[in-house]
Amino acid sequence: MEQDKSTEQSVTQEENQSSYLKIKKFKFVMLLFFLVFATAGITTFALAFGDEKAVNVGVTERSEFNKLYEAYDKLNEKYYKDLDNETLVNGAINGMLESVGDPYSDYMNQDEAKKFQESISSSFEGIGAEIQEKDGYISIVSPIKGSPAEKAGLQPNDKILKVDGESIQGMSVTDAVLLIRGEKGTKVTLTIQRPGQEKSMEVTITRDEIPIETVYAEMKDNGVAEIQITSFSENTYKELVKALNEMQDKGMKKLVLDLRQNPGGLLDQAIKISNLFVPEGEVLFQVEDHNGKVEKFVSEGGQKVNVPTAILVDEGSASASEILAAAVSESNNIPLVGTKTFGKGTVQTAEDFDDGSNMKFTTAKWLTPNGNWIHEKGITPDHEVKMPDYAQLPFINPDKELKESDMSDNVKAAEQMLDALELNPGNVDGYFDEDTKKAVQQFQENNKLEATGVLKGETTVKLMDQLRQKLKDNDPQFKKAVEVLK
């Protein structure tokens, strides 16, 4: 009996303990539920009535952006019509880049970024000219060889005042590019202000496909090879090596490397090409970052150009062209011939955003091997040689008719061209008189054209082509380079 009682008591105790545990579990679950409910209520209250916004939860405060957020909110709330949020954000980024006052830093939306990439990697449609913004104006850095811009007579430092009658003063480079570029076969009229000339002039250009072929080679007399690099694109180094090998096979004894009107381009291509002309271990250039830390880039081993070389430069030689010119001059005593270079001594990088847009901005300045910063000063060549005055003459629109009794700047330019071709147009004063008419008729007869004495169409085109050919045949800078190599 005792045993049974004890067993019964034990069972009773176990049942009571089990009941106690069940009660405790129920209270615990209810307590958890209450805590969750209470926490949710407090959070809701805080978000609804508290000073801190939901957007700040878990985010580091950036007080410097408060003014920007305030402007964004006020515009969206109070502007008289609906705004596109993406446009506002793009404008803010663009404004930041414009505020640094650097013509080489800018923001590009998706379309602009795509066109920028095309301009250095394949081909594009437009007029073929490198431009920059300076002092509120868009100006030509350099036209691309063989491009409509070059054929139209555009020159470095020409200011573009208007595009199809629309003023572009104060416009960013990317915005100006969108106006100037267009489909092949379409026309664009630029209003140009040339340094040294009082009046502006209108130049109508037919857009074309601009191939990114950057190296042109030609064997001249006495084993002198002339190789021109028009820009530094993705394949420039490969193109140059191919051209050098071709000239070597043709008996190259001396080399004139032409960097005139070369606006620059990709830095890695300039480094590879500099390496061809500078002995191993010598400094190519230096880069100084915003902290003042300087890194030197030195020439490596590999293929080298071993024939006597001279380099042609002018005011259209910029950026990567200047890196190459300074490297070969200061680290290998290769002579520079021509006129002072453009003077761009900064390095840019492009950072892409997830939506395909990007921003290009200056990250450092580059120095010559000797530590010189040529920014806005340029490189003075060892042998300064200017081009003849007729090399600076403006383009004459073939669609416009110039005839006897006309008076204009175009007439004066035509008289200067006729005079340069030794056709005796009389007084070069901008007045189309009898002497001018006779000179035009003589030119037409020489070229088997109808001798009308009127300058228009094919006559105008041939006149400008012959002047361009004369300049090529009598290039004083090239002749000086050959003389130096002797």
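Let's start with helix α11, whose buried residues pack against α10 (409–420) and α12 (458–473). Keep in mind that this is a predicted model. Which residues of α11 are buried? They are Thr436, Ala439, Val440, Phe443 and Gln444. These residues cover an arc of only 140° around the axis, so they sit on the same side of α11. The spacing rule behind this is a familiar one: an α-helix has 3.6 residues a turn, so residues three or four places apart point the same way.

The length of α11 holds up too. With 13 residues (434–446) at 1.5 Å a residue, the helix should span 18 Å, and its end C-alpha atoms are indeed 18 Å apart.

Now look at the two ends. At the start of α11, Asp433 brings a side-chain oxygen to within 3.2 Å of the backbone nitrogen of Asp435. Past the other end comes Asn447, in the loop between α11 and α12. Is Asn447 buried or exposed? Its relative accessible area is 19%, so Asn447 counts as buried, the cut-off being under 20%. A polar atom of the Asn447 side chain lies 2.9 Å from the backbone oxygen of Phe443, and Phe443 is itself one of the buried residues of α11. Leaving aside residues up to four places away in sequence, Asn447 touches Lys462 and Gln466. Then there's Lys448, just after α11, which takes a positive phi of about 55°.

That phi is worth a pause, since most residues other than glycine have a negative phi. Lys448 has company elsewhere in the chain. Take the hairpin formed by β3 and β4, with two residues between the strands: Asp135, in the turn, has a positive phi of about 55°. The strands themselves, β3 (residues 129–134) and β4 (residues 137–143), pair in the antiparallel sense over six bridges. If you want one bridge to look at, Glu133 has Ile138 of β4 as its partner.

Further along, Asp164 has a positive phi near 50°. Asp164 lies in the loop between β5 (159–163) and β6 (166–167), and with a relative accessible area of 48% it is partly exposed. Asn222 also has a positive phi, near 60°. You'll find Asn222 in the loop between β10 (215–219) and β11 (224–229). At 69% relative accessibility, Asn222 counts as exposed, since the cut-off for that label is over 50%.

Next, try Lys151, in helix α5 (residues 148–151). How far apart are the C-alpha atoms of Lys151 and Val461? They are separated by 9.8 Å, although the two residues are 310 residues apart along the chain. Not counting residues up to four places away in sequence, Lys151 touches Gly146, Phe395 and Arg468.

Finally, zoom out to the whole chain. Among contacts between residues at least 6 apart in sequence, 64% join residues at least 24 apart. The chain has 13 helices and 19 strands, and buried residues make up 40% of its 486 residues. As for the outside, the accessible surface comes to about 27,600 Å², and 49% of that belongs to carbon and sulfur atoms.

Definitions and conventions: Residues numbered from 1 in each chain as written. Predicted model: local features only at pLDDT ≥ 70, side-chain atom pairs only at ≥ 80, totals over all residues. Heavy atoms only, no water. Helix = DSSP H or I, 4+ residues; strand = E, 2+ residues; numbered from the N terminus. Expected span 1.5 Å × (residues − 1). Buried < 20%, exposed > 50% of the residue type's maximum accessible area, 1.4 Å probe, protein only. Arc of directions from axis to C-beta. Contact = heavy atoms within 4.5 Å. Polar contact = N/O pair within 3.5 Å; in protein donor to acceptor, adjacent residues only side chain to side chain. Areas by Shrake-Rupley, 256 points an atom, 1.4 Å probe, with all protein chains shown as cover. Pairing = 2+ DSSP bridges.
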